[in-house]
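Work through the exercises below with the structure open. Try each task before reading its solution.

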Amino acid sequence: MPPEPFTVAIPDDALEDLQARLRGIRWPADFNNEDWRYGVPRSYLESFVESWKKYDWRETEAEINSFGNYRVDLDGIPIHFMYERGKGPNPLPIILTHGWPWSFWDWKEATRRLTDPAAFGGDPADSFDVVAPSLPGFGFSTPLTVDGVQTQWTADLWATLMSDVLGYDRFAAAGGDFGAGISAQLGHKYGDRVVGIHVSIAPMLGGAGGSGTGNLEPGSLLGLRRTLDGPTSRLSRDDFEPDEQWSWDMMDDRWTTALAHVAVHTTDPQTFAYALHDSPVGLAAWLIEKRYNWSDNRGGPDQVPSRKFLLDLVSIYWFTESYVTSARWYWHVFRTPWDRAHERTPAIEVPVGVPGFPREMVFAPRKMVEANNNLTHWGKQERGGHFPAAEEPDLFVQDLVEFFRPLR
């Protein structure tokens with residue numbers, strides 16, 4: 001079916017219900033936790049809740065609606081996507097895919113820079129037509145009532161969205177977290193229409209870290225095995241060159257902060273969802289802790305990019321009631337074998353670019369990435385973490401533009 005224009009309009013009673021819940025919080029005890037050693041400090045969360053009480057969702061709603069928003073039904077799955085045409089002589093279409101706990105709104109600033117580079121001091125010849133969907137079961141791609149959706153299936157949905165719905169014969173793909181896995185599968189399976197992929201986690205389809213199943217989220221299977229099985233992982237510090245071993249150490253440290261959500265989301269996400277679906281403060285704590293731990297937030301959680309952004313993010317999850325279906329993604333991702341489309345080497349034949357943000361969650365040795373991909377760009381950024389488009393939109397866009405420039 002053709003896409004239909006979509007306007008975000010949360011009912012007034014949903015806003016009133018949120019305020020009532022925020023007024024009725026029963027706070028747990030918390031002490032000796034200002035360094036976040038036990039999770040989100042009560043002092044921080046109390047401050048966040050006070051901001052949420054004063055927060056104007058209608059202002060955010062108007063900003064979202066200032067972009068082009070559409071919905072389409074694919075395989076019985078509602079898909080929302082933000083769609084902005086480029087202001088340049090020959091914009092390159094690109095699909096930007098988020099992960100968890102992201103939303104399509106993570107691409108807001110990148111979209112502005114990619115569609116209208118001249119407004120940010122760039123060259124109009126570098127413009128893009130940007131398609132930024134909400135993953136099935138996330139945000140406004142709800143309600144999701146079809147079971148089993150994960151990265152493999154979503155790559156097929158995105159190919160349909162870009163080619164059959166929007167009419168693009170060739171397009172680019174980029175993403176992080178689950179979005180890196182989806183972009184990797186697009187590059188592998190749909191190389192006849194994908195000009196290249198730009199992913200913040202290096203794809204390892206069929207290689208070490210893919211563990212043979214290759215189902216990528218390219219780092220999550222590796223991360224689960226490393227955190228739960230330790231040295232039994234197929235990848236070790238010795239696989240990294242001496243000048244890369246800092247990234248192994250970084251991954252070793254940062255994956256300790258991923259134990260909780262991986263364990264919950266891959267085993268019993270529904271049980272946990274009753275708490276977070278009912279409590280806005282519980283939902284905020286769960287999402288904010290991940291954004292705090294996984295970003296390059298040397299100034300604190302409200303610095304990258306801002307408290308206003310975190311309020312937007314948590315509100316999108318809350319008002320769309322999408323935590324439960326977003327969490328189920330992990331259950332399916334970790335149980336779905338790789339949909340191998342061909343046996344050729346490398347697995348991804350289209351050009352692959354890895355921007356190299358220093359505080360990512362998952363890293364891979366360059367020699368292994370080169371063995372599994374047509375790697376044409378291996379960046380090294382000064383700063384940035386797991387959410388680079390929201391944290392460092394200028395650095396993210398500059399790297400992406402430079403990678404795709406020769407592929408136009």
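The model is predicted.

**Exercise 1. The start of helix α3**

Task: Find which residue caps the N-terminal end of α3, and by which atoms.

Solution. Step 1: the capping residue is Asp56. Step 2: one of its side-chain oxygens lies 3.0 Å from the backbone nitrogen of Arg58.

**Exercise 2. The buried face of α3**

Task: State which residues of α3 are buried and how they are arranged around the helix axis.

Solution. Step 1: the buried residues are Trp57, Thr60, Glu61 and Ile64. Step 2: viewed down the axis of α3, these buried residues fall within an arc of 105 degrees, so they line one face of the helix. Step 3: the elements that cover them include α1 (12-23), β2 (69-74) and α12.

**Exercise 3. How α3 packs on α12**

Task: Describe the packing of α3 (residues 57-65) and α12 (residues 307-319).

Solution. Step 1: two packed helices are described by the angle between their axes and the distance between the axes. Step 2: for α3 and α12 the angle is about 85 degrees, and the axes are 11 Å apart. Step 3: angles of 65 to 115 degrees count as roughly perpendicular, and α3 and α12 are therefore roughly perpendicular to each other. Step 4: on the α3 side the contact is made by Trp57, Glu59, Thr60, Glu63 and Ile64, which meet Lys308, Asp312, Ser315, Ile316 and Phe319 of α12. Step 5: sorted by type, the residues of this contact are four nonpolar, two polar and four charged.

**Exercise 4. Three residues**

Task: For Thr266, Leu161 and Phe171, decide whether each is buried or exposed, then list what each touches beyond four places in sequence.

Solution. Step 1: Thr266 belongs to helix α9 (residues 259-267). Its relative accessibility is 8%, so Thr266 counts as buried, the cut-off being under 20%. A polar atom of the Thr266 side chain lies 2.5 Å from the backbone oxygen of Val262. The contacts of Thr266 are His261, Tyr330, Trp331, Phe334 and Arg335.

Step 2: Leu161 sits in helix α5 (residues 151-165). With a relative accessible area of 0%, Leu161 is buried. Leu161 touches Val72, Leu74, Phe81, Ile95, Val131, Pro133 and Leu166.

Step 3: Phe171 is part of strand β6 (residues 171-175). The relative accessible area of Phe171 is 0%, so Phe171 is buried. Its contacts are Pro93, Ile95, Ala159, Met162, Ser163, Arg193, Val194 and Val195.

**Exercise 5. Backbone exceptions**

Task: Locate the cis peptide bond before Pro101, the one before Pro305, and the positive phi values of Asn32 and Trp36.

Solution. Step 1: most residues other than glycine have a negative phi, and most peptide bonds are trans. Step 2: Trp100 and Pro101 are joined by a cis bond with omega about 0 degrees, and Pro101 is in the loop between β4 (92-97) and α4 (108-115). Step 3: Val304 and Pro305 are joined by a cis bond with omega about -10 degrees, and Pro305 is in the loop between α11 (280-294) and α12. Step 4: phi is near 55 degrees for Asn32 and near 65 degrees for Trp36. Asn32 lies in the loop between α1 and α2 (42-54), and Trp36 lies in the loop between α1 and α2. Step 5: Asn32 counts as exposed at 51% relative accessibility, whereas Trp36 is buried at 13%.

Definitions and conventions
Residues are numbered from 1 along each chain as its sequence is written. This is a predicted model: local features need pLDDT of at least 70, side-chain atom pairs count only at pLDDT 80 or more; totals for chains, interfaces and linings use all residues. Side-chain values use heavy atoms; hydrogens and water are left out. Helices (H or I, at least four residues) and strands (E, at least two) are DSSP runs, numbered from the N terminus. Buried means under 20% relative accessible area, exposed over 50%, partly exposed in between (1.4 Å probe, protein chains only). A polar contact is a pair of N or O atoms within 3.5 Å; within protein, one must be able to donate a hydrogen and the other to accept it, and residues adjacent in sequence count only if both atoms are side-chain atoms. Contact means heavy atoms within 4.5 Å. Axes are lines fitted to C-alpha atoms, for helices over the stretch in contact, and angles run from 0 to 180 degrees between N-to-C directions. Angles under 35 degrees count as roughly parallel, over 145 as roughly antiparallel, 65 to 115 as roughly perpendicular and the rest as oblique. Ala, Val, Leu, Ile, Met, Phe, Trp, Tyr, Cys and Pro count as nonpolar, Asp, Glu, Lys and Arg as charged, and the others, Gly among them, as polar. The arc is that of the directions from the helix axis to the C-beta atoms.
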